[in-house]
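Grab a pencil and work through these exercises with the structure open beside you. Try each task before you read its solution.

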Number of protein chains: 2
Amino acid sequence: MSDDVTPRRRGRPRDTSIDTRVLEATRELLADQGFEATTVQAIAEWSGVHASAIYRRWSTRLEIIEESIFPGFAAITVHPTGDLRRDLRRFIRTYLATFTTPAARAAMPALLASYQSTELADTSVRWLAVSVRPQFVDILRAAPSDTVDRDVDPDDVFDALLGAILARALVPTVIQRNRPAERLVDLTLRMLQPTRVAASRRL
Amino acid sequence: MSDDVTPRRRGRPRDTSIDTRVLEATRELLADQGFEATTVQAIAEWSGVHASAIYRRWSTRLEIIEESIFPGFAAITVHPTGDLRRDLRRFIRTYLATFTTPAARAAMPALLASYQSTELADTSVRWLAVSVRPQFVDILRAAPSDTVDRDVDPDDVFDALLGAILARALVPTVIQRNRPAERLVDLTLRMLQPTRVAASRRL
């Protein structure tokens, strides 16, 4: 009622609150009941938001699930300081934390399965690459030149890092190991550093 | 009946042929019909082996599927030559080829999901780690000392390599990229090489 009076509330507060409730309910269902049980109907019941209102916002169940576990990687924006280890540590910690929540662990295998029948251009796979990759490149750009080999392809390093994080989230023998973030930071620094490998490649 | 007479036939040759038929049928079903459709009943029909005979050999459907797509990593044994790049190339190519078959791609997300409800000590996760990890360590041991940093934990590098291979098999943006084996060999050499990272860690 006071919407017209209070400018701060003009941003459709009701929408935001519905989104939040739906995404929260989705995370809870994933963590408690698993992927299969997290249907739109279950999300509607758990959140108290009508299914039709949910479908007005998201076209598929997978979209809701993706948005719920990867809450816009904007949240993990790292402003590079030029200290490569420090920047990577912040980046990797946040990335790792996102992938290893109970909800993300529950949903990820099914999401990976769904991508096998999905067009590569489909927006649903964006979270895995598009939204975070440029941040990684920004960090490398800000680093001192003697810490990053210009011959190394940042995409290769990013792919390996993504893979290592997937393994940390999903593979039991890897999950068990301690200090995951620090280990990944060290390995990433190793992958990036100027090397004799390129020079010896043609031997 | 002739078991006592013919020592050569004591190894139950009929078993081997049944195993082969079952595992082949499983791979074909996975690649053609997907994971869900690859039930023991479907495997029995496709292979012509009775379900009871299948259950005499494997206790669960997951065990059959795992054995069918990871045919005992004994097959990919690399005898280290001491040439690190060459040994890694053979190791990574074989490993990558195993994970990226249509059958493996179809089964892997569901296998990963199943491990979340599986005891870590369960034999069913062995293929991911136990059987190949020692081979990787052997390759590093055989390498010249100036190519492998003694400070780097081989398990860390192996975990990252495993993750990178998983990503190559399952993540669309990564699958698309070319020369996967050579890229992984380069990155692995980078991770292993003697580094200034360890020395600067305490700064």
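**Exercise 1. Work out how chain B and chain A are related.**

Step 1. Lay chain B on chain A: a turn of 180 degrees and a shift of 0.0 Å along the axis do the job, with an RMSD of 0.1 Å. Keep in mind that you're looking at a predicted model.

Step 2. Name the symmetry. The two copies are thus related as by a two-fold rotation axis.

Step 3. Find that axis on screen. Gly163(B) is the residue of chain B that comes closest to it, with its C-alpha at 2.0 Å.

Step 4. Check the surfaces. Both copies use the same one, as 100% of the contact residues of chain B recur in chain A.

**Exercise 2. Describe the contact between chain B and chain A.**

Step 1. Start with the head count: 49 residues come from chain B and 49 residues from chain A.

Step 2. Now the area. The two chains bury about 4200 Å² between them, and 59% of that is on carbon and sulfur atoms. On the chain B side, Pro172(B), Leu187(B) and Arg190(B) supply 16% of the area buried against chain A, more than any other three residues.

Step 3. Look at the polar side of things. Between chain B and chain A there are 10 residue pairs in polar contact, counting pairs with both residues at pLDDT 80 or more.

Step 4. Ask which elements of chain B do the touching. Those giving two or more residues are helix 6 (102-115), helix 8 (154-170), helix 9 (172-175) and helix 10. Helix 8 of chain B gives the most, with 12 residues.

Step 5. Sort the chain B side by residue type, and you get 26 nonpolar, six polar and 17 charged.

**Exercise 3. Find salt bridges that cross the interface, and decide whether the partners in one of them are buried or exposed.**

Step 1. Recall the idea: side chains of opposite charge can pair when their charged atoms come close. The cut-off you need is a Lys or Arg side-chain nitrogen within 4 Å of an Asp or Glu carboxyl oxygen.

Step 2. Test a pair. The closest N and O atoms of Arg190(B) and Asp149(A) are 3.3 Å apart, and the two form a salt bridge. Arg190(B) sits in helix 10 (residues 180-192) of chain B, while Asp149(A) is in the loop between helix 7 (133-142) and helix 8 (154-170) of chain A.

Step 3. Judge burial, where under 20% relative accessible area means buried. Arg190(B) is at 3%, so it counts as buried. Asp149(A), at 11%, is buried as well.

Step 4. Swap the chain letters and look again: Asp149(B) forms a salt bridge with Arg190(A), also with 3.3 Å between the closest N and O atoms. Across the whole interface there are six salt bridges, and the structure holds 16 over all chains.

**Exercise 4. What does Glu182(B) pair with inside its own chain?**

Step 1. One partner is Arg85(B), with the closest N and O atoms 3.2 Å apart. Arg85(B) lies in helix 5 (residues 84-99) and Glu182(B) in helix 10, so the pair ties together parts 97 residues apart in sequence.

Step 2. Another partner is Arg89(B), again at 3.2 Å from N to O. Arg89(B) is in helix 5 too, 93 residues from Glu182(B).

Step 3. Compare accessibility. Glu182(B) is buried at 15% and Arg85(B) is buried at 12%, whereas Arg89(B) is partly exposed at 24%.

Step 4. Peek at chain A, where Arg85(A), Arg89(A), Glu182(A) and Asp186(A) are linked in a network of salt bridges.

Note on methods:
Residues are numbered from 1 along each chain as its sequence is written. Chains are lettered from A and ligands numbered from 1 in the order in which they are written. This is a predicted model: local features need pLDDT of at least 70, side-chain atom pairs count only at pLDDT 80 or more; totals for chains, interfaces and linings use all residues. Side-chain values use heavy atoms; hydrogens and water are left out. Helices (H or I, at least four residues) and strands (E, at least two) are DSSP runs, numbered from the N terminus. Buried means under 20% relative accessible area, exposed over 50%, partly exposed in between (1.4 Å probe, protein chains only). Contact means heavy atoms within 4.5 Å. Buried area is the accessible area (1.4 Å probe) that two parts lose on being put together, summed over both. A polar contact is a pair of N or O atoms within 3.5 Å; within protein, one must be able to donate a hydrogen and the other to accept it, and residues adjacent in sequence count only if both atoms are side-chain atoms. Ala, Val, Leu, Ile, Met, Phe, Trp, Tyr, Cys and Pro count as nonpolar, Asp, Glu, Lys and Arg as charged, and the others, Gly among them, as polar. Copies are superposed by least squares on the C-alpha atoms of residues with pLDDT of at least 70 in both.
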